[in-house]
Structure formats: C-alpha cells, structure tokens
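This briefing is for a reader who has not met this structure before. Please keep the sequence and the model open while reading.

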Amino acid sequence: MEESISGFKLRGSWGDIVEHGERITQALREADVSGTAFEEWDEWRPKSHERLGEDVAEKTAEQAHVSEGKGEQAGESPDDDLRTAGEKLTESYEKLEKDDTEGAMDRWQDSVNYVARAADSASRKAIRKVEDTVYQRVMTQLAPYYFDNDLVSANIQQTSRMEDGEEGFIFEVNVNDDELKESVSALLSTYEDEIDRWHVDVEKTTETVEAAEGVEAPKQDDGPRADTT
C-alpha cells in the first residue's frame, strides 16, 4: 500500500483491492465511525463477489445521481405540488375579493413557490432517467469508478494485466477528515504488523445448508475477520 496526501493507494488483483477496502472499513469502524456516510461507503466499496463493470458501475451511477430537491424530500410529486399551487392561487383570489391584500399576496407567493418546486422536481427526475445510461456507457470509459461523500473519497481504475495473468486494478481511498485519516493510517499500520492472513468476506449461500441439516445457519459477524499472530 502507498500512502500519500491524496490517500491510501493499492495496486493489485481484484482480491487485493477488496481486501484494501475491507481494511479501511474496519479501521473506520474501530475509530468509532458510524452513520449514513459510513454506511454509504460500506455499501459502495468493492466486494469479492462483484464485478467492476457491472456491480461497481451500477453503484457508482446510483451515488452520482442528482440529489433530491425540496419537493422530493417532502415526498411530494410534481403533480402534487402543481395541485397545491392551484389551490393557493384560488385562495389568493378569494383573499382579494375580501380586500385582504396582504393575505392574497401571501397565497400568491405560496402558489409561485409550489410551481417552482414542481418544476425543480420534474427536472431532477428527467435528468436521473438518463444518468445511469450516460454514466455506465460513456463516463466509465473516460474516468475511473468513483465514490465521494463527507467521509471518504475513492476511485478504482483498471490497469494492464499482472504478471500472473490476473486483471490489475488501482484502488485509492482518501479519508476526508485529517485527524480521522491519521487514526485510520495508524490502524492500517497495525494490521500490516499484526495480521498474517486477512479473511476476505464473501457472500455465503446458507439455504442449502439449512435444508440439508434442518438447522438455521449461524449469523455472520459484521465486518471482515483476520487471524492474528
């Protein structure tokens, strides 16, 4: 692993970069990191059963989507907002008939705001309809697969094949908070010194075992495991 101001970089096979992502995830967990940003990273990082051009490309496109506007965050569709805008406009006319100029202006402004919110929501949805196709078919041919949130910035690039014939990759991960980055760096060094073999997490099929033995498969612990010296 190479460490620099831009992050923790590793060159190797798919298994190598999966392990790299797991080590960083475990270090973040041991540094008491949790919450939405951590969960987003944990979901995006490459897994042993995934493929770069399929699974990681799809996850990258999903996290790169245009964010939700205020209307979408409120759970309202453009049609809902337009309907509400019409109601507010009607109320504005009613206020005018009652010589309530201030009330009429307030309802009119509300109506304009709902129209604007409806237009914003419709525009965002239209953009998202083409984002996946544009990203997966075009952008991944020009740029690396990437992830970015408040906690972590990362990218994966595919390189030429390695000497043993395996596909080669470069995986660079940066922890955006400097103090947390130092903690993660120290923990990664500890793993290098103390862990002989890192057991990469893999998807396990438990249904067959349960059917054959008539028992429930044991629950898996969260996070990667490692044997220590």
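The points below cover helix α2, aromatic rings, salt bridges, helix α5 and a surface patch. The model is a predicted one.

**Helix α2 and its two sides**

- Helix α2 spans residues 36-44.
- Its buried residues are F38, W41 and W44. Viewed down the axis of α2, these buried residues fall within an arc of 135 degrees, so they line one face of the helix.
- The other side of α2 carries the exposed residues T36, E39 and E43.
- W41 has a relative accessible area of 0%, under the 20% cut-off, and therefore counts as buried.

**Aromatic rings**

- A pair of aromatic rings is described by two values, the distance of the centres and the angle of the planes.
- The structure has six aromatic pairs. One of them is W41 with F171, where the ring centres are 6.3 Å apart and the planes make an angle of 25 degrees. This pair counts as stacked because its angle is under 30 degrees.
- The W41 and F171 pair links distant parts of the chain. W41 belongs to helix α2 and F171 to strand β5, residues 168-175, and the two are 130 residues apart.
- F171 is buried because its relative accessibility is 0%, again under 20%.
- W41 and F171 also belong to one aromatic cluster, together with W44 and F147. Of this cluster, W41 and W44 are among the buried residues of α2.

**Salt bridges**

- The structure holds five salt bridges. Three of them are described here, namely R11 with E2, E50 with K59, and D80 with R83.
- In the salt bridge of R11 and E2, the N to O distance is 3.4 Å. R11 is exposed because its relative accessibility of 53% is over 50%. E2 has a relative accessible area of 42%, between the two cut-offs of 20% and 50%, so E2 is partly exposed.
- In the salt bridge of E50 and K59, the closest N and O atoms are 2.9 Å apart. Are these charged residues buried or exposed? E50 is buried, since its relative accessible area is 11%, and K59 is buried too, with a value of 9%. Both values are under 20%, which means that each residue meets the rule for buried.
- In the salt bridge of D80 and R83, the closest N and O atoms are 3.0 Å apart.

**Helix α5 and residue D80**

- Helix α5 covers residues 78-97.
- D80 and R83 both lie in α5, three residues apart, which is about one turn of the helix.
- The side chains of D80 and R83 are also joined by a polar contact of 3.0 Å.
- D80 is partly exposed because its relative accessible area of 24% lies between 20% and 50%.
- D80 and A118 are 38 residues apart along the chain, and their C-alpha atoms are separated by 8.0 Å.

**A nonpolar surface patch**

- L89, Y93 and L96 make a nonpolar surface patch of about 290 Å².
- L89 is found in helix α5. Its relative accessibility is 31%, so L89 counts as partly exposed. That value is over the 30% needed for a patch residue, which is why L89 can be part of the patch.

Conventions:
Residues are numbered from 1 along each chain as its sequence is written. This is a predicted model: local features need pLDDT of at least 70, side-chain atom pairs count only at pLDDT 80 or more; totals for chains, interfaces and linings use all residues. Side-chain values use heavy atoms; hydrogens and water are left out. Patches are made of residues with over 30% relative accessible area and no salt bridge: like charges are joined within 9 Å, nonpolar side chains (Val, Leu, Ile, Met, Phe, Trp, Tyr) within 5 Å. Accessible areas come from the Shrake-Rupley method with a 1.4 Å probe; for residues, only the protein chains shown count as cover. A salt bridge is a side-chain nitrogen of Lys or Arg within 4 Å of a carboxyl oxygen of Asp or Glu. Helices (H or I, at least four residues) and strands (E, at least two) are DSSP runs, numbered from the N terminus. Buried means under 20% relative accessible area, exposed over 50%, partly exposed in between (1.4 Å probe, protein chains only). A polar contact is a pair of N or O atoms within 3.5 Å; within protein, one must be able to donate a hydrogen and the other to accept it, and residues adjacent in sequence count only if both atoms are side-chain atoms. Rings of Phe, Tyr and Trp (its six-membered ring) pair if their centres lie within 6.5 Å; planes under 30 degrees apart count as stacked, over 60 as edge-to-face and the rest as tilted. The arc is that of the directions from the helix axis to the C-beta atoms.
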